[in-house]
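Got the model open in your viewer? Let's take a short walk through it, one selection at a time.

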Amino acid sequence: MIVLHYLKDRLLAIIVFLMSFLILSFLFFLYRYELDMIIYAYMLIGVLILGVCIIDFYRYYKQHLSLIHISEP
């Protein structure tokens, strides 16, 4: 359940990322870049974003645990 709460809290960032992805894909299509170059760029960005998401979720989880610990009598 904590993953759903995390995604809900980060919904705006997810929407902005997806909109950026769609806009860049459309621009790459208009300029007719090679598909290999586009896939490579998206893979690099995906690895970077995955690392940032893992670190951010770890911090979110630690904060969640500390709030649970504080609220217990």
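Start by selecting Val 3, which sits in helix H1; helices here are DSSP runs of H or I with at least four residues, strands are runs of E with at least two, and both are numbered from the N terminus. Val 3 counts as partly exposed because its relative accessibility is 45%, where buried means under 20% relative accessible area, exposed over 50%, and partly exposed in between (1.4 Å probe, protein chains only). Now add Tyr 58 to the selection: Val 3 and Tyr 58 are 55 residues apart in sequence, yet 11 Å apart in space, C-alpha to C-alpha.

A word on what you're looking at: this is a predicted model, in which local features need pLDDT of at least 70 and side-chain atom pairs count only at pLDDT 80 or more, while totals for chains, interfaces and linings use all residues. Residues are numbered from 1 along each chain as its sequence is written, and side-chain values use heavy atoms, with hydrogens and water left out.

Next, colour residues 11-31, helix H2. Its end C-alpha atoms are 30 Å apart, which agrees with the 30 Å that its 21 residues should span at 1.5 Å a residue; the expected span is 1.5 Å times one less than the number of residues.

Step just past H2 and you land on Arg 32. This residue lies in the loop between H2 and H3. Check its backbone: phi is near 55°, a positive value in a residue other than glycine. Is Arg 32 buried or exposed? It is exposed, with a relative accessible area of 71%.

Now select residues 35-71 for helix H3. This helix has 37 residues and reaches 52 Å from its first C-alpha to its last, close to the 54 Å expected. Show side chains for Ile 38, Tyr 42 and Tyr 60, the buried residues of H3. They pack against helix H1 (2-9) and helix H2, with contact meaning heavy atoms within 4.5 Å.

Finally, zoom out to the whole chain. You should count three helices and zero strands, in the order α-α-α from the N terminus on. The radius of gyration is 17 Å, well over the 11 Å that the globule rule gives for 73 residues, so the chain is more spread out than a compact globule; the radius is taken over C-alpha atoms, and the rule is 2.2 Å times the number of residues to the power 0.38. The C-alpha trace spans about 60 × 20 × 15 Å along its principal axes. Buried residues make up 8% of the 73 residues.
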